[in-house]
Amino acid sequence: MVVLCYPKCTTCQKAIRWLEGRGIAYTYRDIKEEHPTYEELKEWYGRSGLPLKRFFNTSGLQYKALGLKDKLPGMSEEEQLRLLAADGMLVKRPLLVAERGVFPGFREAEWEKILG
């Protein structure tokens with residue numbers, strides 16, 4: 001299991017504390033230093049069963065600076081995945097990549113169901 005996080009993100013910090021508090025083993029990956037590749041994102045998106053928009057950090061500075069709220073609807077799936085792969089800060093975090101699936105964002109009840 002891999003958890004992609006940004007060290008300064010308080011939601012990521014909360015998710016890591018949650019995992020450690022339950023003794024759940026994971027591999028930590030800094031999303032800014034080692035951002036997901038196009039191939040990884042394409043696979044994870046397919047495994048998740050979620051809309052691609054859920055993989056975007058819609059409250060992030062980059063998302064807003066690039067005006068993605070208005071641009072995403074007109075972009076192809078490939079263009080969106082390539083955009084996400086170009087900048088890890090655009091990716092919703094933490095991003096949990098587990099055997100049971102791929103889950104962007106920390107929702108305690110959802111993680112409990114998956115990992116508990």
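## Talking through the model

Colleague: Not counting residues up to four places away in sequence, which residues does Arg-93 touch?

Modeller: Touching, or contact, means heavy atoms within 4.5 Å. Bear in mind this is a predicted model, where local features need pLDDT of at least 70, side-chain atom pairs count only at pLDDT 80 or more, and totals for chains, interfaces and linings use all residues. Residues are numbered from 1 along each chain as its sequence is written, and side-chain values use heavy atoms, with hydrogens and water left out. With that sequence filter on, Arg-93 touches Leu-4, Tyr-6, Cys-9, Cys-12, Ile-31, Asn-57 and Gly-105.

Colleague: Arg-93 is buried and has no salt bridge, so how far away is the nearest side chain of opposite charge?

Modeller: Buried means under 20% relative accessible area, exposed over 50% and partly exposed in between, using a 1.4 Å probe and protein chains only. A salt bridge needs a side-chain nitrogen of Lys or Arg within 4 Å of a carboxyl oxygen of Asp or Glu; Lys and Arg count as positive, Asp and Glu as negative, while His and the chain ends are not counted. The nearest opposite charge is on Asp-87, at a distance of 7.7 Å.

Colleague: Which residue puts its backbone oxygen 3.5 Å from a polar atom of the Arg-93 side chain?

Modeller: Arg-93 lies in the loop between α5 and β3, elements being DSSP runs numbered from the N terminus (helices H or I, at least four residues; strands E, at least two). The backbone oxygen at 3.5 Å from that side chain belongs to Met-89.

Colleague: What is omega for the peptide bond from Arg-93 to Pro-94?

Modeller: Pro-94 also has its place in the loop between α5 and β3. Most peptide bonds are trans. The bond from Arg-93 to Pro-94 is cis, with omega near -5 degrees.

Colleague: Over to helix α2: within what arc do its buried residues fall?

Modeller: Helix α2 covers residues 38-48, and the buried ones are Tyr-38, Leu-41, Trp-44, Tyr-45 and Ser-48. Looking down the axis, they line one face of the helix because they fall within an arc (taken from the directions from the helix axis to the C-beta atoms) of 130 degrees.

Colleague: Which exposed residues sit on the face of α2 turned away from its buried side?

Modeller: The buried residues have cover that includes β1 (2-5), β2 (27-30), α5 (77-86), β3 (95-98) and β4 (101-104). After the helix comes Gly-49, with a positive phi near 75 degrees. On the face turned away, the exposed residues are Glu-39 and Gly-46.

Colleague: Which element gives the largest share of the largest nonpolar core?

Modeller: A nonpolar core is a set of buried Ala, Val, Leu, Ile, Met, Phe, Trp, Tyr and Cys residues joined through side-chain atoms within 4.5 Å. The largest one has 37 residues, and Trp-44, Phe-55, Leu-84, Leu-95 and Trp-111 have the most contacts inside it. Two or more residues each come from β1, α1 (10-21), α2, α5, β3, β4 and α6 (108-115). The largest share, five residues, comes from α1.

Colleague: How many residues apart are the salt-bridge partners Arg-22 and Glu-112?

Modeller: Their closest N and O atoms are 3.3 Å apart. The pair links distant parts of the chain, with Arg-22 in the loop between α1 and β2 and Glu-112 in helix α6. Arg-22 is partly exposed at 40% relative accessible area, as is Glu-112 at 36%. Their sequence separation is 90 residues.

Colleague: Which residue is the salt-bridge partner of Arg-29?

Modeller: The structure holds six salt bridges. Here the N to O distance is 2.8 Å, and the pair joins strand β2 to helix α2, 11 residues apart. Arg-29 is buried at 12% relative accessible area, whereas its partner is partly exposed at 22%. That partner is Glu-40.

Colleague: And within helix α5, about how many helical turns separate Glu-78 from Arg-82?

Modeller: These two form a salt bridge, with the closest N and O atoms 3.1 Å apart. Glu-78 is partly exposed at 41% relative accessibility, and Arg-82 is partly exposed at 43%. Because they are four residues apart in the helix, the separation is about one helical turn.

How values were computed:
Polar contact = N/O pair within 3.5 Å; in protein donor to acceptor, adjacent residues only side chain to side chain.
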